[in-house]
Amino acid sequence: MAEKPPLPPKPKPPLPSKPRPKAAPAAARPTTTPTTPAPGSRPAPAPPFKKPTLAPPPQVLPLKPPPAHQYRQQQHPGGARKQPRPPYRQQPPHHRRGGGGGCSCRRACCLATGLALLTLCLALAAACLAYLYYRPRAPSFHLQPLSPVRLRLGGGNGSSSAAVSAMDATVGARVVSWNPNERVAFRYGDGEGRVALRDADGGVALGWAPVRGFAHAPRTVATVAFVATARGVVLDEGVAARVRDRYRRRQQGFSVVVDAHVGVRVGALRTGMVPIRLLCDDGVMAPRAAAGSGSSADGTVVGPMSKCQVLLFRVRW
C-alpha cells in the first residue's frame, strides 16, 4: 500500500492587535512648549527609541498524523528508512471441524438413494423385457364328467331308520390342464382331492384321496385323476330322497377341490413351490353310454367339461 502524503500545515492564526493606551484627560496632559535652541549651542539629544513590546504568540498544538503513519513512526522513530513489504503467501484452506461430518453424511445418503433407484429401474426394465420375451400365461383347468359314480343309500338301524339314511359312495374325478406357454413350464407337487355332493341344504362331503405330483411341459395337456371313497355317510331323509332321485336320472351335481403346490420353470431358472387350489363346482355325472363304453383307452370320459377356478395363495389366479 502506498504511503499517504503528509497533510499541509494549518495556517497560523493572526496575532492579536496591541492594546492601545487610554488617552489622558486634557487637564492631566503636560503642556510642552517647543523651545528653540540658542545660537551657538548644541541641540539636545533625542530620547532613545524603544521597541514596543509584543504579546507572546498563542500556543499551536502539533498536528496528529493518521493512525497508520503514527504506527509506522512508533515502529521506526527515524521515519527515514522504508521497510520493504513482505512477500504474499497463500494461506492454507481452513477445515471446519463442525460441519464436515454432516456434509459427508448427506453425500452418502444421496449416493445410496441414487443407487437404489438405479437398481429398481434396471430390475423393472429386465422384468419388462422378460415378460415381452416369454409372454407367460396361466394354465387352464377343466373337470371332466365324473366317472365312475356309485351311490348306495340304505335306511338306518333302530328306531331312527325313518329319520336318517346311511350312504356309501365311490366317485372318480379327472381334471384336465392345458399349458398355453411356449417357454414356460410348470411342476406340481403332491396334494389331495376332495369330492362333495351338491344339494340345496348344503354340500355333503364324500371323502378325499391323495393326488400325485407331475411336470407340465409347454404346449402340452396333463391330467389329475383320483377316486374318493366314503362309507356310512349319514343323510337326512329329505336329502337322501332328493339324492336318490337325481342319481337315478344321472343329474346329481358334485363339487371337486384339489389342493397342491406349484412351481414355475423358465429355462434354467426355477422358482419355489407355492400353494394352489382348484375349485370345480359344476361337476356332473357322466352319461350312461360314456360311463359304460364311451370312455377312451386312457380313461378320458367323453362329455361336456366344466371350467375350474384357480386360487394362488388363496387368491383367484
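Which residues form a nonpolar patch on the surface, and with about how much accessible area together? The legend of Figure 1 answers this, and the later legends turn to strands, a cavity and salt bridges. The model shown in every view is predicted.

**Figure 1. A nonpolar patch of leucines on the surface of the predicted model.** The patch is formed by Leu 111, Leu 115, Leu 118 and Leu 122. Together these four residues have about 420 Å² of accessible area. One of them, Leu 118, is found in helix H2, which spans residues 100–134.

**Figure 2. Strand E4 and the two strands E9 and E7 that pair with it.** Strand E4 covers residues 184–188 and is mostly covered, with four of its five residues buried. Its pairing with strand E9 (residues 253–266) is antiparallel and runs over five bridges. Within that pairing, Phe 186 has Val 264 of E9 as its bridge partner. Strand E7 (residues 214–216) is also antiparallel to E4, and three bridges join E7 to E4. Here Arg 187 stands opposite Ala 215 of E7. In a regular strand, side chains alternate between the two faces of the sheet.

**Figure 3. The largest cavity and the residues that line it.** The count of cavities of 30 Å³ or more comes to one. The volume of the largest cavity is about 100 Å³. Its lining consists of Phe 141, Tyr 188, Gly 189, Val 211, Arg 212, Phe 214, Val 224, Val 258, Asp 259, Ala 260, Ile 276 and Leu 278. Two elements, E9 and strand E11 (274–284), give two or more residues to this lining. E9 gives the most, with three residues.

**Figure 4. A salt bridge between Arg 194 and Glu 192.** The salt bridges in the model come to eight by count. In this one, the side chains of Arg 194 and Glu 192 meet at 2.9 Å, taken from N to O. Arg 194 has 28% relative accessibility and therefore counts as partly exposed. Glu 192 is also partly exposed, because its relative accessible area is 29%. Side chains of opposite charge can pair when their charged atoms come close.

**Figure 5. Arg 242 in salt bridges with Asp 199 and Asp 201.** In the salt bridge between Asp 199 and Arg 242, the closest N and O atoms are 3.0 Å apart. Asp 199 lies in the loop between strand E5 (191–197) and strand E6 (204–211), while Arg 242 belongs to helix H3 (residues 237–248), so this pair ties together parts that are 43 residues apart in sequence. Asp 199 has a relative accessible area of 16% and is therefore buried, the limit being under 20%. Arg 242, at 31%, is partly exposed. Asp 201 forms a salt bridge with Arg 242 as well, and there the closest N and O atoms are 2.9 Å apart. This second pair links distant parts of the chain, with Asp 201 in the loop between E5 and E6 and Arg 242 in helix H3, 41 residues apart. Asp 201 has 61% relative accessibility and counts as exposed, because the limit for that class is over 50%.

**Figure 6. A network of salt bridges that share partners.** The network joins Glu 192, Arg 194, Asp 259 and Arg 277. One of the links in this view is the salt bridge between Arg 194 and Glu 192. Asp 259 is also among the residues that line the largest cavity.

Definitions and conventions
Residues numbered from 1 in each chain as written. Predicted model: local features only at pLDDT ≥ 70, side-chain atom pairs only at ≥ 80, totals over all residues. Heavy atoms only, no water. Buried < 20%, exposed > 50% of the residue type's maximum accessible area, 1.4 Å probe, protein only. Pairing = 2+ DSSP bridges. Patch = residues over 30% accessible without salt bridge, like charges linked within 9 Å, V, L, I, M, F, W, Y side chains within 5 Å. Areas by Shrake-Rupley, 256 points an atom, 1.4 Å probe, with all protein chains shown as cover. 1 Å grid on protein atoms, 1.4 Å probe; cavity = no way out; pocket = protein on both sides within 12 Å on 5 of 7 lines; lining within 4 Å. Points joined across faces, edges and corners; volume = space filled by probe spheres on them.
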